[in-house]
Amino acid sequence: METFALRTQLSNTKGATLFSVFSKIEFQDGLVPQVITRLGVAVRRKIIVFSWQDSEFVDTKDFPIPDKFKTLRAMEWIGTQNLCVGFDNEYALMDCKTSSWKTVFSPSSPPSQQGALASTLESTFTTWNNLSSRATGGLMGFVSKAGKPLITRLPNDEILLGKEHSSISVGVDGEPKRKHGIEWQGTPEELGYSYPYAVAILGGPPRRIEIRNIETRAVIQTVEMPHAHLLTHGKLLYIAGADEVWRLIPNSFPQQIDELVQKEEYQEAISLINQIEPVLLDETVDTLGRIKSLYAHHLFRTHHYEEALALFLELNVPALDVIALYPAVISGHLPPRENEVVSSPQSADTVPTESNSKVNPPIIMSTKELEEAVGCLIRFLADKRQKIQKSIQELQDNNDSFSYNRQEQEDEIHEKLAVLEVVDTALLKSYMMTNERLVGSLLRVTNHCSLEETESLLLKHQALELLKSVHTAPGELQGVLPTVSYLQRLGVDHLNLILEFAAWVLESDPVVGMKIFIDDEPEIDTLPRYRIISYLERLSLDLCVVYLEHIIHDLRDKTSEFHNTLVVSYLAQIQRDSAIAGNEANLLRFLDESKSYKAERILSRLPAEGCYEERAILLSRIGQHDQALNIYVHRLKNFQAAEEYCIKNFDSSDPSKNVFLLLLRVYLKPPNHEKPMLEPALDILTRHGTHIDPAAILGLLPPQTRVDQLHKFFEKSIRESNKNKHMDMIVKNLLKADRLQTQEQLTFYRSRRVKITEDRMCPKCNKRIGNSVFAVFPDGVVVHYSCKETVAAIGHWRTG
């Protein structure tokens, strides 16, 4: 390579069209390493394979191409014995040992013979291959159009085959190695692999280079290169055009990983680390463990609790760190933890110390999300509990007799027991939140639950059971009021207890019982409103409406979801009690006053027939004024309501949305070729014609309209027009006078002169002005420019 001297020439390769070379170290008899090199050359209708061992030529073999295959277009080695060959419309594997050919896939192959590859292809190409035949498992679309077959060698005896918009990976046996293929954003014209990415030149416009992660199939980068035509394979990536060659130099792997972490693309970072050699990273840092820890916290923050807790278990994250991610109802008084410290098996589940890691922000969960997260936490804590108990038992069994060793082990046991107390207490709270029947299974066995918190939880439950049992007996505890007062003081930490015992209270006395949720107590304000609404919806529609009206009207809650729920609840009441007029009045008033509900969502909940006035209000909220006016005019026959609607929604600053003109169109251009409503239209023109362009009106009026019917409209329009004209003239003259006044002032100030003589002195420093820079005050006083600030400070004038 240094001198480019000719070493040898393979004489029997005359007329060669393609070649592929591959070298690999193999162990002879399992002991002696040898470099095996294979060179495949395509010559007419045969493939010649040359073999070397440790640079020594071994043999040559000819392999004729079967007649069933058409023109050979591409080939690549897969291992040292198999050669993948691409023809016009199919791929095949040639075994150099047995001289056999195997079709990888072909449009003529029946589905039963395509096996796993067919299902992989079908799942890979279904999204874009709409023309493929279902009878052939989706393969017809993959190879039906003539195009250049693309073959790229991957590590671990794997190749990437491509056609049209997609590529799949195949092993030495011709079967797919990965469940999913790569779907490119265009049609690849060249395909390559640059460790550890798949690279393709995509046809345009614009032509571009697309780089993807071979494992995750995600797009890493796209580079527009209009003249790119060829690319190389290997760690060094070169792109060739007609008269230029570019080299794409990637950032270092640590830099790439840091960029992915900053963008929170943790899966891509983990995939990249798993594909590259460990020596390319800083071996002193557990990069993979750190990123997995960040990924687990990211999953938890984005409410993927099951995946997050599974990853926490895999990383052996201390139980306290995980419990601290939960609200106080589970975590108690645990402070926020750091999320960048990755624990090791030796240090897990001990009381952590301070570090420089970033503190987790609080995670906001809805009631449903909290229940899901607690359900996943139960499995995590059960596993952690078992491991901590086992480690404590081992420490106790191996307690050394030497005093200094014994003290260290006792300290470690105490630390683990402290962690176990938090774990058992959190597990007890989780059971009480999700399934109270499991509480007994925890308390019946040896446990380390916090005695104070456990007694508090259980005693409250017993007290409420007692109040329920005696509420019918005469005495001070008779009725539901004692239970209501007790529940009001519990607060959010005992929400499940409140909801459990509120049910019988609300059934016995709904009016008094609702004070549990709507009374003026500080503990009530902390209760999660989503959870209360969901609870009351299941219990009673009317009680849910009472609570929603309280938080919206009394507490001024602007949450869109609450307003939507109240509207839907009103609709449910109307459908249930159609004879009660008050329900519909409440709904109409709320639709008119509230600005927080989503009209689009409510419209889909309205019945097909009925609720026309409600529909008109909702249509007006989304700007569909013509449809709203159609309802008032043609459905409700309420012309006065239509006129009031226009007065309310008229906006003089936007002539393109003139609601009065829309109302005239509704009157004069009715649907289904009905007779125009001329009389109400003329009434609108008489009262509000000044808000409408006369030219637009004349185009709407029926031909048989008499001029005398429009007399009042024209009279008002002409008067309004003259009035506006006169007002414009007045404004014009005022502006003209103001302009003349301003010009006069400008002329006056420009005409001012200051004469500097040899004898003119500065009143500040008593020196001659001479040729120095000077400043002039409005009253004509002239001073040195350097004296200006002082004179202004002690005198009447200020500098700007």
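**Exercise 1.** Does Cys544 count as buried or exposed, and at what relative accessibility?

*Solution.* The model is a predicted one, in which local features need pLDDT of at least 70 and side-chain atom pairs count only at pLDDT 80 or more, while totals for chains, interfaces and linings use all residues. Residues are numbered from 1 along each chain as its sequence is written, and side-chain values use heavy atoms, with hydrogens and water left out. Buried means under 20% relative accessible area, exposed over 50%, and partly exposed in between, with a 1.4 Å probe and protein chains only. Cys544 has 1% relative accessibility, so this residue counts as buried.

**Exercise 2.** Find why Cys787 and Cys762 are not bonded through their sulfurs.

*Solution.* A disulfide is a pair of cysteine sulfur atoms within 2.5 Å. The cysteine sulfur closest to that of Cys787 belongs to Cys762 and lies 4.0 Å away, which is too far for a bond. Cys787 itself, at 10% relative accessibility, counts as buried. A search of the whole structure finds zero disulfides.

**Exercise 3.** Describe how helix α3 and helix α4 are arranged.

*Solution.* Helices are DSSP runs (H or I, at least four residues), numbered from the N terminus. The axes, lines fitted to C-alpha atoms over the stretch in contact (heavy atoms within 4.5 Å), come within 8 Å for α3 (residues 253-262) and α4 (residues 266-275), and they cross at roughly 160 degrees. With angles running from 0 to 180 degrees between N-to-C directions and those over 145 counting as roughly antiparallel, α3 and α4 are therefore roughly antiparallel to each other.

Technical notes:
Helix = DSSP H or I, 4+ residues; strand = E, 2+ residues; numbered from the N terminus. Parallel < 35°, antiparallel > 145°, perpendicular 65-115°, else oblique.
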